[in-house]
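Student: I would like a close look at a single part of this model. Please take one region, work through it strand by strand, and then place it among its surroundings.

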Amino acid sequence: MTEEVRVSGSLRNRLATTLIGGAAVLAILLFFVVRSYAAQIAQQGQDSILGASVTSILDAASVQDGRIEVDFPYASFSMLGTDSDDRIFYAIYQDDQLLSGYDGLPAVDPSIGGDSGYWTAEFQDTPIRLAAASRMLVGADLRTQLTVSVAQTQDSLSGTLNRISRNVAIFGTGFFLLVVLLASWATSAAIGPLARLTTSVARRGPQDLRPVVSPVPSEMVPLVTSLNSLMARLDQSLGRSEDFIAEAAHRVRTPLATVRSHAEATLQRVDREENRQAMRAMIRAIDESSRAAGQLLDHAMITFRADHLDRQDLDLLDLVQDLAVRLGPIADMRDVDLHVDAPDAVPITGDAILLQNAIRNIVDNALKYAPRESVVHIDVTTSPSPRVTVRDEGPGFPIGEIGGLSDRFARGSNSDGIIGSGLGLTIAQDVATAHGGALTLGNHPKGGACVIFSF
Amino acid sequence: MKFLLIEDNYDLAQAICARMQLDGHVIDHAGTIADAIAFSDSGEYDLILLDVMLPDGDGRDFLRRHRAGNGVTPIIVLTARSQVSDRISLLDLGADDYVTKPFDHAELEARCRAVLRRKAGTAQTVTRVGDVAFDPVAGVLTVGETSVSLRNKELRLLEVLFNAPGQIFPKQKLVDRLFSYDDDVSENAIEVYIGRLRKHLEGSQLQISTHRGLGYRLDHD
């Protein structure tokens, strides 16, 4: 009955992937933006100190007796001191002539030209940051261009940058994890009403076709509305077919009952043996047909319900004892005693209506084949699994036929003269299978048939 | 015992009434719920037999009304609806038992007896003939000081004989009354039960006499 549903992706996964993927992109973007901004700020800091250093050197330059004298203060370099002991280079040029400092330290930015500014270059295989500026010195007979460049390695800067990067990475990861959490919460919250609707529909018993009344989000209203209208139509058509079956059964059985009663009454008045035989045969045929009709209906009902078990917590013993009371009069008619033997309670979960029907069929069978004034034993036990064992003192199952007796319409070779439809054990077997159990037929060592219905 | 039968099918009702009267019961027949209410309001019944589908309504409504009005008379439902869920809902509504149409009269009789036995305690059901007391509901036969519990077939046989002392019952009539039609019994089976009843009645003022070719009769000294 249940057809495989074709799956195309998952709403939850789709939503989660979008949210988490977006968060990952944002986190990486954030990392790079913050990192480059921090690098820029740090670079500006270094540059302004380098600039100040250059300026302080230039300011200290003067022309004395036609010579350039640069007596720059100690602070010009000490202001560049860092935690990482970065190395400092300087060069002072007079019109491209190195006056003092490191030879080869560039005094102009090769990419721009000009004679002032900040740039990054490589010196002695180490990346350095350079600041350079120049000043025109005018003396009595001198007019000369003085260019000063100060450079510093970037160990401290890159240390700071690394620290910032690490912190930004930690912050970004934290942000990402937080978003993942938020995403999973948001996904659950969004999927939640759908899941709740699914559970509330799935948990229903097979007969429960009431509309869904619990409030749902507005996006789900069309779905729930069509679900409700589908269930209403299903309810209507199920109700109609149930009514039809009940009505049909009533229409067929009531006249059968009348015919049977008449036949019985006639039998009381008829004396000739052949007429009596005919009347008896007629009554048996009526019984046979009405029983078959009843069992067919039961079998149809069980096939339907087996697909949608209405599981409840039950006490197997209660169920069996109730059945023993119901079947008491039938047992009485044959002077058969029903012995129920059981521990205190045998808790199981199952469909009460199905189980009752199955066990009733087994006990019915035992009663039919039990000899007069004998005992039918019904034992309810909990181990190895919950089970009901029904044993009679009759002829037992014919050896060799046991395997096929629970097939539909199969009857044993010793069933002559006993009314039956051949569906009783089929019903019991189907119910056992639907409950994940088994029906075992056998003969008891002391004689008699023994049927075990186990869970 | 006084029974009320609520059944709209006239033929079936007549047949049930005939069988019940044969067993010595008094039985009133109502064809509609309205009649049934009139009957049950005006008389005391030991047992009500109720059909489910009636021309003026659902038999279950009568059942509900009866139980709501604190009616204690046991009710056995005669139903042609055979689905298990129907049967269970009947019991939930307060029916004491049900039989599915078409039913064996022996089964109906056995169910009536079982229900009456469960509800026993108020009704005086003991019949006395001479020094013998017989309670067909409890299934107890008392001769002088000693009581014996009768098995179903002995009980039914004694009941038939007790209801018409002095009348001769042919074996085949007794078979028809005692056994259902899915029982394959010979008339000789009756002899076994007659033998047992004779043993139970030993020393009392009652005895069962054999009339060769005619049948059995319960005689009172």
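**A sheet in chain A**

Tutor: A:Ile378 sits across from A:Val390 of β12(A). That pair belongs to a predicted model. Start from this pair and work outward.

A:Ile378 lies on β11 of chain A, which spans residues 375-381. Its partner strand, β12 of chain A, covers residues 387-391. The two strands run antiparallel and share five bridges. Together β11(A) and β12(A) make a hairpin, with five residues between them. A second bridge pair can be named here: A:Val380 has A:Val388 in β12(A) as its partner.

Now the other neighbour of β11(A). β9(A) pairs with β11(A) in the parallel sense, again over five bridges. Here A:Asp337 stands opposite A:Val375 of β11(A).

Next, the side chains of β11(A). They alternate along the strand. A:Val376, A:Ile378 and A:Val380 point to one face and are buried. A:Val375, A:His377, A:Asp379 and A:Thr381 point to the other face and are not buried. Return to the bridge pairs with that in mind. A:Ile378, opposite A:Val390, is on the buried face. So is A:Val380, the partner of A:Val388. A:Val375, opposite A:Asp337, points to the other face.

Step back to the whole sheet. Five strands of chain A form an open sheet, in the order β9-β11-β12-β14-β13. The pairing is mixed. The edges are β9 (337-341) and β13 (438-443) of chain A, each pairing on one side only. From one strand to the next, the twist averages 15°.

Two helices complete the picture. Helix α7 of chain A, residues 352-369, lies across β11, β12 and β14 (449-454) of chain A. α7(A) runs at about 175° to β14(A). Helix α8 of chain A, residues 424-434, also packs on the sheet, touching β13 and β14 of chain A. The direction of α8(A) makes about 135° with that of β13(A). β14(A) is thus named in both descriptions: α7(A) lies across β14(A), and α8(A) touches β14(A).

For contrast, take a residue elsewhere in chain A. A:Leu137 is found in strand β6 of chain A, residues 126-138. A:Leu137 is partly exposed, because 18 other C-beta atoms lie within 10 Å, and a buried residue needs 20 or more. Beyond its neighbours within four places in sequence, A:Leu137 is in contact with A:Ala61, A:Val63, A:Ile68, A:Thr144 and A:Leu146. The C-alpha atoms of A:Leu137 and A:Ser62 are separated by 7.3 Å, though the two residues are 75 apart along the chain.

A helix in chain B makes another comparison. In α2 of chain B, residues 33-42, the buried residues are B:Ile33, B:Ala36 and B:Ser40. They are on the same side of α2(B) because they cover an arc of only 55° around the axis. An α-helix has 3.6 residues a turn, so residues three or four places apart point the same way. On the other side of α2(B), B:Ala38, B:Asp41 and B:Ser42 are exposed. The cover over the buried residues of α2(B) includes β1 (2-6), β2 (26-30) and α3 (59-68) of chain B.

Last, the contact between the chains. Chain B gives 35 residues and chain A gives 39. On the chain B side, α5(B) gives the most, with six residues. That side divides into 14 nonpolar, nine polar and twelve charged residues.

Definitions and conventions: Residues numbered from 1 in each chain as written. Chains lettered and ligands numbered in written order. Predicted model: local features only at pLDDT ≥ 70, side-chain atom pairs only at ≥ 80, totals over all residues. Contact = placed C-beta atoms within 7 Å. Helix = DSSP H or I, 4+ residues; strand = E, 2+ residues; numbered from the N terminus. Nonpolar A, V, L, I, M, F, W, Y, C, P; charged D, E, K, R; others polar. Pairing = 2+ DSSP bridges. Axes fitted to C-alpha atoms, helices over the stretch in contact; angles between N-to-C directions. Buried ≥ 20, exposed ≤ 12 C-beta atoms within 10 Å, placed from the backbone. Arc of directions from axis to C-beta.
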